[in-house]
Amino acid sequence: MGFFGSNAAVRFRQHGIIPILSSSAPERYPEPQRRTVAHANILYRASIEACLQQYTPDAILHAAAFSAPLACEKEPDIAYSINVVGTQNVMALAADYGIPFVFTSTDLVFNGEKNVLRDGYYSEADEPDAHIVYGKTKIAAERSIQEQSFGRWIILRTALMFGRRVAWANGFPQFAVDLLKSGKPTTLFTDQFRTPAYIPDIAEVIVHLLRAQRFGEIYHCGGSERINRTDFVQRYCTVAGVDTSEIIACTMDDVPNYTTRVRDVSLNSEKLRHSLAQFSWQMTPYEKAFQEMLEGD
Ligand SMILES: NC(=O)c1ccc[n+]([C@@H]2O[C@H](COP(=O)([O-])OP(=O)(O)OC[C@H]3O[C@@H](n4cnc5c(N)ncnc54)[C@H](OP(=O)(O)O)[C@@H]3O)[C@@H](O)[C@H]2O)c1
């Protein structure tokens, strides 16, 4: 029921799929959404199992996480419990019940030090080597999945995600846009590069991979361009008609004690493109995606 799940659910419905969104605390959500949220706390197998027995899903999309890199640095034990033990719990039950399992991993399994313009964007052949806690927990979770004898899993390493505003979750680029609209100075990095991915496109990928039964593989899922955060927010604001004069563009070195320093984790999504060639899948160009997002706001 986070930022990704809430956005992805819209695209799943367009495919005739009925998504069951879950939360460790459904009472936290506003009406009317609260009534449709299933309860499942991934820290407890009994809680997940009760949910599976109630809803008997055809597939599990495991997107629950302690997902904020800075919070993971501050609370590594919680990050490990939710991101590693939680994933092991969901995966074990998927295996017990024989349900296909998709795990949303991240480009931050890489440390970002590769010279991607010279040596190519990060592909599945690159060895994960995160320096930050969040990335390390995602690597450990991926390894747990790969070590299982149950083979019907897919690991999707997605880039920074963007999508429509979700009232109950922090989303990108909305956090920056809200700051700008409030007239507050908004500090954004110019030296952090990603290949941001539009959530409806990621949802589309998941539908295709599951239907084609492309199991037992890791796939990279990046967006249509490599871009830094400042330029991305500026381009969104141009489409949205938001004044960007209060953006303070800076580098990571300008922020003292910045702990989640990751320079460039641009993803190479060729394997995915090749695997989905029959569906002519491609990422929506950013400006087109921004228009769609604004129509939905
Ligand atoms: N956002 C990005 O840019 C990005 C990029 C790459 C990969 N990812 C990955 O994509 C996935 C989704 O990210 P997101 O941005 O949607 O994150 P999010 O908005 O923080 O959502 C994560 C969800 O996990 C749930 N959760 C946390 N602890 C739980 C527990 N013990 N039991 C059950 N649910 C729990 C939370 O719901 P409750 O608090 O209601 O339980 C929350 O809604 C994550 O795996 C993340 O690592 C995200």
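Good morning. A word on axes before the helices: axes here are lines fitted to C-alpha atoms, for helices over the stretch in contact, and the angles run from 0 to 180 degrees between N-to-C directions. Please keep in mind throughout that this is a predicted model.

With that definition in place, I begin with two helices, α10, residues 229-240, and α12, residues 286-296. Their axes come within 10 Å of each other and cross at roughly 55°. That angle makes α10 oblique to α12. The crossing in which α10 passes α12 is right-handed. On the α10 side, the contact involves Arg235, Tyr236, Val239 and Ala240. On the α12 side, these meet Tyr286, Glu287, Phe290, Gln291 and Leu294. Sorted by class, this contact of α10 with α12 holds six nonpolar residues, one polar residue and two charged residues.

The second pair is α5 and α7, the latter covering residues 133-147. Here the axes come within 9 Å and cross at roughly 20°. How, then, are α5 and α7 oriented to each other? Angles under 35 degrees count as roughly parallel, and α5 and α7 are therefore roughly parallel to each other. α5 passes α7 in a right-handed crossing. From α5, the participants are Pro76, Ala79, Tyr80, Asn83, Val84, Thr87, Gln88 and Met91. They meet Val133, Tyr134, Thr137, Lys138, Ala140, Ala141, Ser144 and Ile145 in α7. This contact of α5 with α7 divides into 10 nonpolar, five polar and one charged residues.

The third pair is α1 with α9, the latter covering residues 199-211. They pack at an angle of about 65°, and their axes lie 8 Å apart. The crossing of α1 and α9 is right-handed. α1 contributes Phe4, Asn7, Ala8, Arg11 and Phe12, while α9 contributes Ile199, Pro200, Ile202, Ala203, Glu204 and Val207. By class, the contact of α1 with α9 has eight nonpolar residues, one polar residue and two charged residues.

I turn now to the ligand. How many residues surround the ligand? There are 26, and the closest are Gly2, Phe4, Ser23, Ser24 and Ala64. The elements that give two or more residues to this shell are α1, residues 3-14, α5, residues 76-97, and β4, residues 101-106. Of the elements, α1 gives the most, with three residues. The shell comprises 15 nonpolar residues, 10 polar residues and one charged residue. Phe4, listed among the closest residues to the ligand, also appears in the contact between α1 and α9.

Next, two individual positions. Glutamine 33 is placed in helix α2, residues 33-36. It has 16 C-beta neighbours inside 10 Å, and so glutamine 33 counts as partly exposed. Its C-alpha atom is separated by 11 Å from that of serine 23, a residue 10 places away along the chain.

Isoleucine 99 sits in the loop between α5 and β4. Is isoleucine 99 buried or exposed? The category lies in between: with 17 C-beta neighbours inside 10 Å, isoleucine 99 counts as partly exposed. Leaving aside residues up to four places away in sequence, isoleucine 99 touches Pro57, Ala59, Ile60 and Ala94. The C-alpha atoms of isoleucine 99 and threonine 56 are 9.1 Å apart, although 43 residues separate the two along the chain.

I finish with the backbone. As background, most residues other than glycine have a negative phi, and most peptide bonds are trans. Against that background, a cis peptide bond joins glutamate 31 and proline 32, with omega about 5°. Proline 32 belongs to the loop between β1, residues 22-23, and α2. A cis peptide bond also joins phenylalanine 172 and proline 173, where omega is about 10°. Proline 173 is found in the loop between β6, residues 161-162, and α8, residues 174-181.

Which values does phi take at asparagine 257 and serine 280? Phi of asparagine 257 is near 55°, a positive value in a residue other than glycine. Asparagine 257 lies in the loop between β12, residues 247-250, and α11, residues 270-275. With 4 C-beta neighbours inside 10 Å, asparagine 257 counts as exposed. Serine 280, likewise not a glycine, has a positive phi of about 50°. Its place is the loop between α11 and α12. Serine 280 has 7 C-beta neighbours inside 10 Å and therefore counts as exposed.

Thank you for your attention.

Notes. Residues numbered from 1 in each chain as written. Predicted model: local features only at pLDDT ≥ 70, side-chain atom pairs only at ≥ 80, totals over all residues. Near = placed C-beta within 6 Å. Helix = DSSP H or I, 4+ residues; strand = E, 2+ residues; numbered from the N terminus. Nonpolar A, V, L, I, M, F, W, Y, C, P; charged D, E, K, R; others polar. Parallel < 35°, antiparallel > 145°, perpendicular 65-115°, else oblique. Left-handed = near helix turned anticlockwise from the far one by under 90°. Contact = placed C-beta atoms within 7 Å. Buried ≥ 20, exposed ≤ 12 C-beta atoms within 10 Å, placed from the backbone.
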